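Grab a pencil and open your viewer. Below is a set of exercises to work through, each with a solution you can check as you go.

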Amino acid sequence: MSVFVHAIETAVPPHVYPQSVIRDVLKAQPELDRLGQRIISTIFNASGIDQRHSAIGEFKRSPDDPAGLFYDPATRRMLKPGTGARNEFYIVEATKLFVQAARQVMAARPSIQPGDITHVVTVSCTGFFAPGPDYAVVRALGLRPDVQRFHVGFMGCYAAFPALKMAKAFCEADPDAVVLVVSAELCTLHMHASNDPDTLIASSVFADGAAAALVSARRPSPGTPVLRMDHFETTLTPAGVGEADMAWTIGDQGYDMVLSTYVPSIIETHISDALVPLLAHDPELAAAPHRQIEHWAIHPGGRSILDKVESTLQLSAEQLQPSRAVLRDAGNMSSATVLFILRRLLHSAHDDERVCAMAFGPGLTVESALLTKLSGLD
C-alpha cells in the first residue's frame, strides 16, 4: 500500500534579520577576544545565508528603547536569561508557529477536513512544555478529542524523518488514517556569544521556522501533487565518530549547541556508505551514479556540508539548489528545514521523478528517505 505526503506548508516568525546584522550584534559582545572577532566575521561571511527569521524582535530596537529579555539596545549587550525564562518565551512563540503551520497545511488540502485527522505528530528540540504542542494543535484546529497524539522531542535536525516514518507506519496499519505532522523550532532563543569556533558556527546558521505535512494512504485526485513515501533508513557513523561534533545539551542559560568544524569532513567520509541501505531497496538506483536520482533534499546544516555532499556524491549544482536556496533565505531551522526543501520539490519536480532526502544530527545520525513525485493517480 502506498502512503503519500499530500501537502507541505511552512511558517516563519515575523522578524527577519540580514545575516550581517546578527554578525555585528555578536561581534559587539565583550566576551569575544580579538581572535573571536576575526573568526566570527569569517564564519558569518562564508555561511551562504542572506537572512534568518527569529521570534525575537529585540535586535531591531533603537538605543532609546528599553532592554528586552535577550538584548539591551542601549549597551548593545546580549543578555543572559536563564533556561526557564527562555522556555517560557518558547511556549508562547512556538505555539503560534505550530498552530500557524498546521492551519496552513489544512487550508492547502480542503478535501481533508479537521474531522478526518486521526493522528497528530509534533516535532521540536528547542523547548518543552505540557500539555504540549500536540495538544495545542488539536485544540486550536478543533480536531476530534480522540485524535492520537505524539511528540518527537530533542532529536535535533533529523527529527522530521522519524515523524514522517511514524506517520507512514500509522497509515500502513490503518488505511483510513490521516496524520498531521508539525515541526517548529526556535533555535535563536539559545544563541549566545563565545570564542569557541564550534559555538560560533552554530550561532551563524541556526534560525526559527515551522513546517507541517499531511500524510495519508488516500489516493490523491488527478492533478494534485503528492510525494509517495517509498523507503526510509537510519544509520550511525562508526562508534566514536561524530558523537561530540554535533551536540545539543541543556545548560543554565539556554541550550548549548555544538556544530563542529569537523562535521563536513565526517559527512564526506561516510555519506556514500550511509546511502547504501536506502538505495538497496531499488537495485536500479543502487547500481547507478547518485546523480541519476533527479532531486535531492539535503538538510543544510551549513554551506560546507552541502559542498561536501555535492562533491562526494558528484551531484550537479542544480540538484543542490533547493537546499542552498532554503539555507540562503531562512538558515538552518533544525528539524523543520528539510520540510521547507521538500515543499519546493513537491511543487517543482515532474511526475515520476525521484527525490532523495537526507538529514544529519547528533550521534552522528544519518536519516534518509526515498520519495517519488506524482500528480494524482488514475
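The exercises go from the sheet to the helices and then to the loops.

**Before you start.** This is a predicted model, in which local features need pLDDT of at least 70 and side-chain atom pairs count only at pLDDT 80 or more, while totals for chains, interfaces and linings use all residues. Residues are numbered from 1 along each chain as its sequence is written, and side-chain values use heavy atoms, with hydrogens and water left out.

**Exercise 1. Trace the order of the open sheet and find its edge strands.**

Step 1. Helices (H or I, at least four residues) and strands (E, at least two) are DSSP runs, numbered from the N terminus. Two strands pair if DSSP finds at least two bridges between them.

Step 2. Following the pairs gives nine strands in the order E7-E6-E8-E9-E1-E10-E15-E14-E13, with mixed pairing.

Step 3. The edges are E7 (148-153) and E13 (295-298), each of which pairs on one side only.

Step 4. On average, neighbouring strands in this sheet are turned by 25 degrees against each other, direction ignored.

**Exercise 2. Work out how E14 is paired with E13 and with E15.**

Step 1. Take E13 and E14 (residues 354-361): four bridges join them in the parallel sense. Tryptophan 296 has cysteine 356 of E14 as its bridge partner, and isoleucine 298 has methionine 358.

Step 2. Now turn to E15, which pairs with E14 in the antiparallel sense over eight bridges. Here the bridge partner of cysteine 356 is leucine 370.

Step 3. Look at the connection: E14 and E15 form a hairpin with three residues between them, and glycine 363 in the turn has a positive phi of about 150 degrees. The peptide bond from glycine 363 to leucine 364 is cis, with omega near 5 degrees.

**Exercise 3. Are the residues of E14 buried or exposed, and which way do they point?**

Step 1. Set the cut-offs: buried means under 20% relative accessible area, exposed over 50%, and partly exposed in between (1.4 Å probe, protein chains only).

Step 2. Recall the general pattern: in a regular strand, side chains alternate between the two faces of the sheet.

Step 3. Sort the residues. Arg354, Cys356, Met358 and Phe360 point one way, Val355, Ala357, Ala359 and Gly361 the other way, and all are buried. That agrees with the count for E14, where eight of eight residues are buried.

Step 4. Add the helix: H7 (residues 263-279) lies across E10 (225-236), E13, E14 and E15 (365-375), and runs at about 130 degrees to E14.

**Exercise 4. Describe how H3 packs on H4, and how H1 packs on H2.**

Step 1. Axes are lines fitted to C-alpha atoms, for helices over the stretch in contact, and angles run from 0 to 180 degrees between N-to-C directions. Angles under 35 degrees count as roughly parallel, over 145 as roughly antiparallel, 65 to 115 as roughly perpendicular and the rest as oblique.

Step 2. The axes of H3 (residues 83-108) and H4 (residues 133-141) come within 9 Å and cross at roughly 50 degrees, which means that H3 is oblique to H4.

Step 3. List the contact (heavy atoms within 4.5 Å). H3 contributes Thr95, Phe98, Val99, Ala102, Arg103 and Met106, and H4 contributes Pro133, Ala136, Val137, Ala140 and Leu141.

Step 4. For the second pair, the axes of H1 and H2 are 10 Å apart at an angle of about 165 degrees, so H1 is roughly antiparallel to H2. Gln19, Ile22, Arg23, Leu26 and Lys27 of H1 meet Gln37, Ile40, Ser41, Phe44 and Asn45 of H2.

**Exercise 5. Where do glutamine 314, aspartate 352 and proline 131 lie, and what marks their backbone?**

Step 1. Glutamine 314 is in the loop between H9 (303-312) and H10 (317-330). Its phi is near 55 degrees, a positive value in a residue other than glycine, and glutamine 314 is exposed at 54% relative accessible area.

Step 2. Aspartate 352 sits in the loop between H11 (337-348) and E14. Its phi, near 70 degrees, is also positive, and aspartate 352 is exposed at 55%.

Step 3. Proline 131 belongs to the loop between E6 (119-124) and H4. A cis peptide bond joins alanine 130 to proline 131, with omega about -5 degrees.
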